[in-house]
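Biologist: Please pick one part of this model and look at it closely. Start with how you decide what is paired with what, then place that part in the whole.

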Amino acid sequence: MKTFCTFSIVLLFANLLFAQESLVPYLKSGKYGYMSSTTKKLVIPIQFDHAELFDGNLAYVEKGGEFGFIDKDGNEVVKIGAYTTIYEEPPHFSEGLLAVVKNKKFGVINQKGQVVVPFKYDYIGTFSEGKAAVGLLKDPTTYNFRVENYKTLNIGVLSKDVKFTKRGLGENNQKKHWGENGDMWYGFINTLGQVVVTIQYGKVGDYSEGLALVVKNVVHGKGGYINHSGIMSIPAQFIEAHDFKYGFSHARRTHLYGDNYIASNYEHVYVMDSPNGIINKSGKLTLATVPIQHFLGQNEKGFILKSWDEKVCFSEYNGDIKIPFDDYVDGFVSENTPLAFKNSNGLYQFHDNKTYAKLSSTIKIDSLKEGKEGLLVFSKLNSPFYGVLDHNLKVLVQPRYDFISTFSDGFAKVLKSENGKRMTTKHFYIDKTGFEYVDFSSHL
């Protein structure tokens with residue numbers, strides 16, 4: 001008995017020791033502090049106007065409209081108000097680095113708040129695979145582009161006059177890459193700040209699976225892919241292309257599909273003469289997308305495609321159609337969750353993402369969003385509220401929220417109403433059990 005009790009105590013201690021504690025933003029009276037996810041006690045006092053989850057040892061916070069980053073003791077590692085940004089969403093570190101703005105120039109800081117790339121660029125993107133896009137504004141007086149209507153466009157003045165303030169002000173935030181209208185040259189730097197791909201392109205994407213999409217001339221040019229050495233691995237030929245995922249990307253070489261392209265017998269997608277479709281990392285067209293009209297998403301096994309007659313299927317990467325064109329009019333694919341297809345009656349039917357067999361569900365679902373981490377955000381038929389499903393289609397959180405974001409480390413932002421009135425003026429967080437990190441009494 002003594003041995004058993006001793007073992008039980010050791011096991012309990014081990015469970016407590018290895019329990020994953022997180023510090024979660026806690027909303028009270030319109031301000032945020034941080035609460036322990038295990039003890040449910042406040043660890044960092046209520047003081048912030050905006051607060052994000054910790055990413056590693058740092059969390060993004062705001063006071064008075066200015067932002068900075070704190071550590072888990074509440075210390076300002078990146079001083080609030082030290083830098084500005086042009087983005088609507090809170091900036092986040094990627095590969096331990098973050099591009100920020102000072103005196104209208106971009107530089108890079110590390111997670112200690114140290115400047116590792118000086119403030120000399122007109123644009124710096126997010127680091128991916130050890131590299132980030134950088135941009136330098138062209139002199140608007142030295143270039144013009146002539147477009148199809150033969151009117152000369154002087155591009156660049158608006159971007160050069162962009163105002164840098166705090167965050168979230170509409171006039172400062174660029175929906176697209178700043179300067180992608182042709183007023184900037186782009187290249188890439190490494191994590192040491194060294195230029196490793198010459199600044200010469202009119203538009204660039206991020207590196208993904210060893211390749212980055214680049215366009216030389218954004219008005220008349222076409223895109224191709226360079227490798228990490230800056231060498232063009234897939235020649236410029238695309239009018240539309242995307243990042244590689246699982247070794248494939250979808251791309252278009254022409255604006256219109258030809259009438260003579262027949263690429264599917266509704267059992268297998270064939271490579272025909274279509275210039276548009278799914279390419280591999282050699283640039284070879286592996287799957288023609290005619291009569292496929294839309295690419296709706298992919299996972300590790302294949303992708304969901306939509307035909308010209310508004311029907312949807314799931315095709316593996318070898319072209320085998322595993323879930324055929326049927327009554328489905330829309331589709332949804334997310335990592336580690338069942339495949340979801342919307343019927344013509346507006347409801348979702350689920351399929352196992354490995355066997356493709358139909359899955360039964362007692363819930364009538366008419367809206368579905370990605371929840372990440374093996375979760376799905378859903379709403380029931382004729383209901384405006386959202387809840388959470390796990391990968392087995394079990395309801396983890398009942399539909400009672402106006403909005404649920406994607407999950408990160410087990411937590412998601414939500415908004416909630418009662419009797420048609422928003423219960424808080426700001427978002428708050430929930431975990432996968434539906435525990436709410438908010439003091440509603442302070443908002444009454």
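Modeller: Two strands are taken as a pair if DSSP finds at least two bridges between them. The model is predicted, so treat every value below as computed from predicted coordinates.

Here is that rule at work. Strands 28, 29, 30 and 31 form an open sheet, in the order 28-29-30-31, with antiparallel pairing. The edges are strand 28 (328-332) and strand 31 (358-359), and each of them pairs on one side only. Strand 28 is joined to strand 29 (residues 339-343) by 4 bridges, in the antiparallel sense. One bridge partner can be named: Y328 is matched with N343 of strand 29.

Now the close look, at strand 26. This strand covers residues 312-316, and 5 of its 5 residues are buried, so the rest of the structure largely encloses it. The cut-off for buried is under 20% relative accessible area. In a regular strand, side chains alternate between the two faces of the sheet. Strand 26 is covered on both faces. V312, F314 and E316 are on one side, C313 and S315 are on the other, and all of them are buried.

Strand 26 has a partner before it and a partner after it in sequence. Take strand 25 (residues 302-307) to begin with: it pairs with strand 26 over 5 bridges, in the antiparallel sense. Opposite C313 of strand 26 stands L305. The hairpin of these two strands has 4 residues between them, and E310 there has a positive phi near 65 degrees. Then comes strand 27 (residues 321-323), which runs antiparallel to strand 26 and is joined to it by 2 bridges. F314 faces I323 across that pairing. The hairpin of strand 26 and strand 27 also has 4 residues between the strands, and here G319 takes a positive phi near 100 degrees.

Positive phi deserves a wider check. Most residues other than glycine have a negative phi. E95 is not a glycine, yet its phi is positive, at about 55 degrees. E95 sits in the loop between strand 7 (76-78) and strand 8. E95 is partly exposed, because its relative accessible area is 45%. Away from its sequence neighbours, E95 touches F127, S128, E129, G130 and K131. Its C-alpha is 8.8 Å from that of T191, which is 96 residues away along the chain. D409 also has a positive phi of about 55 degrees, and is not a glycine. D409 lies in the loop between strand 36 (403-404) and strand 37. With a relative accessible area of 55%, D409 counts as exposed.

Strand 37 also holds F411. F411 is buried, because its relative accessibility is 8%. F411 and V24 are 387 residues apart in sequence, but their C-alpha atoms are 8.2 Å apart. V24 is also among the residues in contact with F411, as are S22, S37, L53 and Y437.

N110 gives another buried site, in strand 9 (residues 105-110). Its relative accessible area is 14%, and therefore it counts as buried. Beyond its sequence neighbours, N110 is in contact with F93, G96, L97 and V116.

Next, the pocket. The largest pocket holds about 1200 Å³ of space. Its lining has 50 residues, and E89, P90, P91, H92 and T126 lie nearest the centre. Among the elements that give two or more residues to this lining are strand 5 (58-63), strand 8 (97-102) and strand 37 (411-415). Strand 4 gives the most, with 4 residues. By class, the lining has 24 nonpolar, 13 polar and 13 charged residues.

Finally, the whole. The secondary structure comes to 2 helices and 41 strands. Of the 444 residues, 50% count as buried. The largest nonpolar core has 27 residues, and Y34, F48, I70, I404 and F428 touch the most other members. Another core of 13 residues lies apart from it, with Y121, I124, V134 and I189 among its members. Of the contacts with a separation of 6 or more, 38% join residues 24 or more positions apart.

Notes. Residues numbered from 1 in each chain as written. Predicted model: local features only at pLDDT ≥ 70, side-chain atom pairs only at ≥ 80, totals over all residues. Heavy atoms only, no water. 1 Å grid on protein atoms, 1.4 Å probe; cavity = no way out; pocket = protein on both sides within 12 Å on 5 of 7 lines; lining within 4 Å. Points joined across faces, edges and corners; volume = space filled by probe spheres on them. Nonpolar A, V, L, I, M, F, W, Y, C, P; charged D, E, K, R; others polar. Buried < 20%, exposed > 50% of the residue type's maximum accessible area, 1.4 Å probe, protein only. Contact = heavy atoms within 4.5 Å. Core = buried A, V, L, I, M, F, W, Y, C linked by side-chain atoms within 4.5 Å. Lists of a residue's contacts leave out its neighbours within four places in sequence.
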